[in-house]
Each structure stands twice: as structure tokens, then as C-alpha cells.
Amino acid sequence: MGLFRRKRLFSAADDGFAVTLDPEVRQFVLSLARQLDELLELDVNETKRLFPTAYHDDPEREAGYQILARQQLIDSRREAISLIEATVDQDVLTEEELAAWMGIVNDLRLVLGTRLDVSEDDHDIDPEADDADLHLLYHQLGYLLSEIVDALTGTLPPPTVADDPV
């Protein structure tokens with residue numbers, strides 16, 4: 001029944017993934033990605049989930065890990081942001097480009113979710129709350145991320161059933 005079918009934002013195409021995002025949405029994602037880029041070098045609470053703790057019980061090893069890993073994580077995110085900048089107006093993305101979009105949209109949700117102190121139980125948006133717009137943005141980014149994941153996983157080969165060793 002096609003009456004209630006919605007248009008996919010990303011879908012598999014012969015030469016990659018077709019993108020049907022409105023120009024305003026594309027520019028908004030680009031703007032958010034650039035804001036994320038500015039936050040990457042800052043040691044602020046909002047970015048803590050972008051740089052996970054490896055050694056919870058060993059501060060010395062954790063400091064060493066952060067020295068080694070943090071810059072690599074920043075560099076990989078900056079490469080993804082550059083891919084978004086280069087592809088924001090394209091109507092077809094490669095798998096690598098769409099994966100970069102996925103990573104940055106996920107990072108944006110992590111930063112925003114940390115800022116809002118979102119938990120798994122937060123589903124409703126209080127329209128009267130001061131941060132209602134940010135909560136709505138968080139949910140919209142979640143929808144965008146879901147669309148990207150659906151497109152990418154839709155191109156995976158079907159799972160194979162292992163022979164039963166009985």
C-alpha cells in the first residue's frame with residue numbers, strides 16, 4: 001500500500017547511494033559538521049563521548065592512551081567532515097562518502113545528547129522546555145542516522161545459515 005509510504009532520504013543506486021535530502025537540510029548538516037569541527041580540539045563536556053575512556057581504573061594508562069588516540073580520532077573526524085563538505089550537494093554518494101556522513105551525524109547526536117543529558121528513557125519532547133528545539137534536533141538527527149544505516153545495511157548480502165553440526 002503506497003499511500004503512506006515515505007520517500008527514503010538515501011537509497012541504493014547503481015553507482016552508489018541516491019540522496020534526496022532538501023538543500024536546506026544538506027546545508028544544515030554541513031553547518032553542524034563545521035561546528036563539530038570547532039569543538040574537536042576543545043576539552044569540553046559535550047565531546048567526552050567522542051573520546052571514550054579506555055582504562056577506567058588506571059589514570060596513567062588512560063593518559064597515555066588519550067595522548068596516542070585522541071589526535072587520530074580528531075583527524076579521522078576531520079577527514080569525514082571534509083568529505084561532507086565535498087559531497088554536500090551531490091545527488092549520489094559512494095559507500096565511503098555515506099559512511100562519513102553516518103559517522104558525523106552519529107557524532108553530532110553524541111555531542112547534542114551529552115549536552116542535553118539524554119537517556120534511553122527520553123522519548124517525549126516538552127514543547128514548553130527551553131531546550132525543546134535542541135531535543136527536536138536530536139530526534140531529527142536520529143532519524144537521519146536511521147535513514148543512512150538503513151541504506152547502508154540494505155546493500156549487505158543476505159546472511160548465510162551455517163550448517164547445523166548435529
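This short talk covers one predicted chain, with the focus on helix H2.

Ground rules. This is a predicted model, where local features need pLDDT of at least 70, side-chain atom pairs count only at pLDDT 80 or more, and totals for chains, interfaces and linings use all residues. Residues are numbered from 1 along each chain as its sequence is written, and side-chain values use heavy atoms, with hydrogens and water left out.

The overall picture. We have four helices and three strands. Helices (H or I, at least four residues) and strands (E, at least two) are DSSP runs, numbered from the N terminus. Their order along the sequence is β-β-α-α-β-α-α. The chain has 166 residues, and 33% of them count as buried. Buried means under 20% relative accessible area (1.4 Å probe, protein chains only).

Now H2. It covers residues 59-87, 29 residues in total. What span should we expect? At 1.5 Å a residue, 42 Å; the rule is 1.5 Å times one less than the number of residues. The end C-alpha atoms are 40 Å apart, so that agrees. H2 does have a kink of about 35°, centred on Ala69. That bend is the angle between axes fitted to the seven residues ending there and the seven starting there.

Ala69 is also buried, as are Glu62 and Arg77, among others in H2. Cover comes from elements including H1 (23-39), S3 (92-93) and H3 (95-116).

Last, H2 against H3. The two pack at about 115°, axes 9 Å apart. Axes are lines fitted to C-alpha atoms, for helices over the stretch in contact (heavy atoms within 4.5 Å), and angles run from 0 to 180 degrees between N-to-C directions. On the H2 side, the residues include Ile81 and Ile84; on H3, they include Trp101 and Ile104.

How values were computed
Buried means under 20% relative accessible area, exposed over 50%, partly exposed in between (1.4 Å probe, protein chains only).
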